Amino acid sequence: MNADAASDADAVVLDIDGVLVDVADSYRRAILESVETVYDRTIHKADIQQFKDAGGFNNDWELTYAAALYVLATSEGYGDSIEEFTDEIAANGGGLDAAEAAIRDECGARATQRITDRWDRERLRDVFQQLYLGTDLYRGLEGGEPDIESPGFIHDEPVILEESTRDALVENYDVGVLTGRPEAEAEIALNRVGLEETIPTAHRFTMDDWEAGKPHPRALTTLAERFDADRVVFVGDTLDDVRTAVNASDADPERDYHGVGVLTGGLTGEEGRRKYDDEGAAAVLESINDLPELLEGR
């Protein structure tokens, strides 16, 4: 993004995970440990990013299901590596449907049936929520009695957004949120970073607000309409976040959308920069705290 375009931004839309708070030891840990708890085996932490890069896994429950599907498939003779598996997912449009198709194409009908018979997505989601939320929050938000004792990984989310950055953004721009979190979990994170009372619900999109998820552009273009903005900057930590801004530009050519990637999520270093650039990122920042300078054209 050039300095002139940045300084002309009307609105800033923020992802939460990996942008405002660090989720390496919360959501990503829950993915790994949910699969381990249910199936006694799991993937490696670094493998999570390969699913994210493949696209279509803005919902971490669905990423958990895909990881479990891979683990189950390997017990039925599926021989592809995680890299090959996620490449196949990407080639078929990303997401859980593409993961199922990759297994079905490789394993055949009978083996796939045995795999899916053991593939308990309801249990995986429930374990995920118990581990992530912890006993007390699970009772309050899920309305059930947990069978796993957990303090809750949600409490292990260091804040990335500095107060000075938050104040600079809310004082100078319309600020919205676009996240794959459920609404209640988004509120917890926004409260932690001091934005819960600042950003009205009309300026937020969570998992509960629209089914398609990123990189579908509708949520971003809707926020732009609500802000009556001409130029929108969307800051995220995954390739799907950048793809959302690119797709919004195609869907709504009357406005300018700029996807900005940060290196505080799973994408880091020069490789992370290259991946963002390849997807059409307007800029890549070390963290959200570099955003005010970018927007001011410095």
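**Group meeting: two domains and the cavity between them**

Good morning. I begin with Asp 40, which counts as exposed because its relative accessible area of 61% is over 50%. I should say at once that the model under discussion is a predicted one. Asp 40 sits in the loop that joins H2 to helix H3 (47-54). Its backbone deserves a note: phi is positive there, at about 65°, although the residue is not a glycine.

A second aspartate belongs in this part of the talk. Asp 228 also has a positive phi, about 55°, and is not a glycine. Its loop runs between H11 and strand S4 (231-236). Is Asp 228 buried or exposed? With a relative accessibility of 62%, Asp 228 is exposed.

One further backbone feature concerns a proline. The peptide bond leading from Lys 214 to Pro 215 is cis, and omega is near 15°. Pro 215 belongs to the loop between strand S3 (204-205) and helix H11 (218-227).

I turn now to the overall organisation. The protein chain is divided into domain 1, which covers 3-22 + 158-296, and domain 2, which covers 25-154. Taken over C-alpha atoms, the centres of domain 1 and domain 2 are 26 Å apart. Each side brings residues to the contact: 19 from domain 1 and 19 from domain 2.

How much area is buried between domain 1 and domain 2? The figure is about 1,400 Å², with 48% of it coming from carbon and sulfur atoms. On the domain 1 side, the residues that lose the most area to domain 2 are Glu 185, Ile 188 and Met 207, and together they account for 28% of what that side buries.

The next topic is the internal space. Searching the whole structure yields one cavity of 30 Å³ or more. The largest cavity holds about 260 Å³ of space. Where does the largest cavity lie with respect to domain 1 and domain 2? Both domains give residues to its lining, so the cavity lies between them.

The lining comprises 22 residues, and those nearest the centre of the cavity are Asp 17, Lys 52, Phe 57, Asn 58 and Asp 60. By class, eleven lining residues are charged, seven are nonpolar and four are polar. Three helices supply at least two lining residues each, namely helix H2 (27-39), helix H4 (60-74) and helix H12 (239-251).

Lys 52 leads us to another residue. Beyond its neighbours within four places in sequence, Thr 238 is in contact with Lys 52, Leu 267 and Tyr 276. Thr 238 is located in the loop between S4 and H12. Thr 238 counts as buried because its relative accessible area, 9%, is under 20%.

I close with Tyr 257, a residue of strand S5, which spans residues 256-262. Tyr 257 is buried as well, with a relative accessible area of 6%. Which residues does Tyr 257 contact, leaving aside its neighbours within four places in sequence? They are Leu 220, Thr 221, Ala 224, Val 232, Ala 245, Ala 248, Ser 249 and Asp 252. As for Pro 292, it stands 35 residues from Tyr 257 along the chain, and their C-alpha atoms are separated by 17 Å.

Thank you for your attention.

Definitions and conventions: Residues numbered from 1 in each chain as written. Predicted model: local features only at pLDDT ≥ 70, side-chain atom pairs only at ≥ 80, totals over all residues. Heavy atoms only, no water. 1 Å grid on protein atoms, 1.4 Å probe; cavity = no way out; pocket = protein on both sides within 12 Å on 5 of 7 lines; lining within 4 Å. Points joined across faces, edges and corners; volume = space filled by probe spheres on them. Helix = DSSP H or I, 4+ residues; strand = E, 2+ residues; numbered from the N terminus. Nonpolar A, V, L, I, M, F, W, Y, C, P; charged D, E, K, R; others polar. Domains from an automatic or database assignment. Buried < 20%, exposed > 50% of the residue type's maximum accessible area, 1.4 Å probe, protein only. Contact = heavy atoms within 4.5 Å. Buried area = accessible area lost by both parts, 1.4 Å probe.
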